[in-house]
Amino acid sequence: MNPIGSPTTAGAPTATAPPLDAEALKARFPVLAQTVKGHPLVYLDSAASSQKPDAVIAAVTAYYSTDHANVHRGAHELSIRATDQYEQARGKVARFIGAGRADEVVFTRGTTESINLVASAWGRANLGPGDVIVVSEMEHHSNLVPWHLACEATGARIRAIRMTDEGQLDLDHMDELTSDGAVRLVATAHVSNALGTIHPVAEIARRAHDAGALYLVDGAQAAPQLPVDVRAIGCDFYALSGHKMCGPTGIGALWGRREILDAMPPYQGGGEMIEEVRIDRSTYAKVPHRFEAGTPHIAGAIGLSAAIDFLNEAGVETIHAHEVRIARLALERLSAEFSQLQLYGSGPDVDRAGVVSFTLADIHPHDLSTILDHEGVAIRAGHHCCQPLMRRLGVAATARASFYLYNGEDDLEALVQGLHRAEKIFGIG
Amino acid sequence: MLESIYRELILDHYRRPRNKGALDDPTVTIAMRNPLCGDEIELMLAVEEDRIAEVRFKGQGCSISQASISMMTQALMGKSLDTAVDLERRFLALMHGEETAKEDRTLGDLLALQGVSKLPVRIKCALLGWNALDEAVRACRRSDRGLMGERIEFKDMTVDVPEAAPPPEGFDPETHRGDLPA
């Protein structure tokens, strides 16, 4: 497996990956076999949430049908089975992201909770007045607002790395921001949800560490489609969401370096996370259970494990090559076909995830979305939870088509035809 | 279906909005935002003795929100506050898909928006300007001595979206899917 650390250049790490059969994979997703408003459903909103393959649905159903009980508590058969499957899922996640040990993986509700966990628990113990958190102006709100809360609670401050006009992070600017030694942690996405930019996370990790800061990677968009190796990246935290990678909603993970997690106070209190409780005080369990208060989303973890099997079966390198290819095709096709279409982010000469953000003439993205919906094409319109980025781009909203492993060139064609329909309705072209 | 929503009149108001701009001396200004999509508008009313003497709006948004507010300003010019509230009630009935509202000549150009009632997720767009009007009238009525250029800053719109629309044709409650092939 090729670690994704440095910026990928056209075709480099993926040239040898076998081609992906989107049509065959699509057949594994029951939800995609339907028509919407009389048209075959074309789902181009996987950056918001991916659909679920039969294997994941079956794994969750099987767990509830035959094995469910609470974990880590009972000595009875079902509890033992549930615990086994839950802990095996943890190992599955660890291997999937190249973590050395399963106990470095904390199950959470998703990327948002993973980042909140670090901002709250690590932040409480490590931040104070004068300290700085560095983010970027391309971040999802889930990698901004938790830091706002941490700063409000501790007196720390936020600085943001600028984006270049090509939709890349300006690393020289990052060096400026970290040069005064006040930065305690850098937090960026691995892949931009709004623009599809693949950030050079290994390089950012190196620079963050040179500046004496930790590095947290928001992997919500990367884990579904890039080979991830947290040790090769060299980051300190990595957050991901199950529902964006073919898994259930409400489950995700935080990976953290063992020694850092060990030194962190609990995030939430409750059952599961304790060692010993007295009426007025308690001691806490070791990681990762220290951070998993209450009955966890057992079925979610088991579903996520099945999703990882599914992704491995399809081949993560293969998925990545497909994403890069279809993004390039989409960029080329859309700019060739529509003279009044404005694309955002890097051009087709740079590898990017299968995310294409655009506006078409004076048609508001919400109108575009409504018209495409009537053609059975599901896209996202809006600020994509990236209001600072939208301000930087000088737009209120964009339309975003995101392609995943079940989207082939026929789906791109449906998007193109839908956009022609929108032009016609708005009397353009 | 789409053509019944994106009518020429709507696109005309979207591209050539009526009464867009600012008033020098508004009685009240309401800044309103649809938090779902980020559309933002400012509605300015000059009220003289309970009558809307002038109305202007600023802002940006989708064709439905912009056409709706443009048409609304046309309909409001010179009307009493009571008439404005009545007009709002009539427009809400149109958005609720009430049959009688579709024949309501009082609504004038606004009738062109009736197709939006079939798009539950877009009804809020059409109501953005009306939500601001509602707040403006309330502000006028709250103040017994009359307003002096009061400005009410970015409030997220709150007008209730109509109750859930009936399930679309072909919806199968058993499978919770749309018009699935048999």
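Two strands count as paired when DSSP finds at least two bridges between them. Helices (H or I, at least four residues) and strands (E, at least two) are DSSP runs, numbered from the N terminus. What we have here is a predicted model, in which local features need pLDDT of at least 70, side-chain atom pairs count only at pLDDT 80 or more, and totals for chains, interfaces and linings use all residues. Residues are numbered from 1 along each chain as its sequence is written, with chains lettered from A and ligands numbered from 1 in the order in which they are written.

**Chain A overall**

Chain A has 14 helices and 17 strands. Its C-alpha atoms fill a box of roughly 75 × 55 × 40 Å along the principal axes. The radius of gyration, taken over C-alpha atoms, is judged against a globule rule of 2.2 Å times the number of residues to the power 0.38. For 429 residues a compact globule would come out near 22 Å, and chain A, at 22 Å, agrees.

A residue is buried if 20 or more other C-beta atoms lie within 10 Å of its own, exposed if 12 or fewer, and partly exposed in between, with C-beta atoms placed from the backbone. By that count 55% of the 429 residues of chain A are buried. Contacts (C-beta atoms, placed from the backbone, within 7 Å) come next. Of those in chain A with a separation of 6 or more, 71% join residues 24 or more positions apart.

**The sheet around E14**

Four strands of chain A make an open antiparallel sheet in the order E13-E14-E17-E16. Strands E13 (341-344) and E16 (380-382) of chain A are the edges; each has a single partner strand, so one side of each has no neighbour in the sheet. The twist averages 30° from one strand to the next. Such angles run from 0 to 180 degrees between N-to-C directions, with axes as lines fitted to C-alpha atoms, for helices over the stretch in contact.

E14(A), residues 355-360, pairs with E13(A) over 4 antiparallel bridges, and 4 bridges also join E14(A) to E17(A), again antiparallel. Here are some of the residue pairs:

| Residue in E14(A) | Opposite residue |
|---|---|
| Phe358(A) | Leu343(A) |
| Leu360(A) | Leu341(A) |
| Ser357(A) | Arg400(A), in E17(A) |

So how many residues of E14(A) are buried? 6 of its 6. In a regular strand the side chains alternate between the two faces of the sheet. In E14(A), Val355(A), Ser357(A) and Thr359(A) lie on one side and Val356(A), Phe358(A) and Leu360(A) on the other, and both faces are covered.

Two helices lie across these strands. H11(A), residues 316-337, crosses E13, E14 and E17 (398-402) of chain A, at about 15° to E14(A). H12(A), residues 365-373, lies across E14, E16 and E17 of chain A, at about 160° to E16(A).

**Meeting chain B**

17 residues of chain A are in contact with 18 of chain B. On the chain A side, strand E1 (35-36) and H12 are the elements giving two or more residues, and H12(A) has the largest share, with 4 residues.

**The nonpolar core**

A nonpolar core is a set of buried Ala, Val, Leu, Ile, Met, Phe, Trp, Tyr and Cys residues joined through C-beta atoms within 7 Å. The largest one has 185 residues, and those with the most contacts inside it are Tyr215(A), Cys235(A), Ile302(A) and Leu43(B). Helix H10 (298-314) of chain A gives this core its largest share, 11 residues. Leaving out residues up to four places away in sequence, Cys235(A) touches Val201(A), Ala205(A), Tyr215(A), Leu216(A), Val217(A) and Val230(A).
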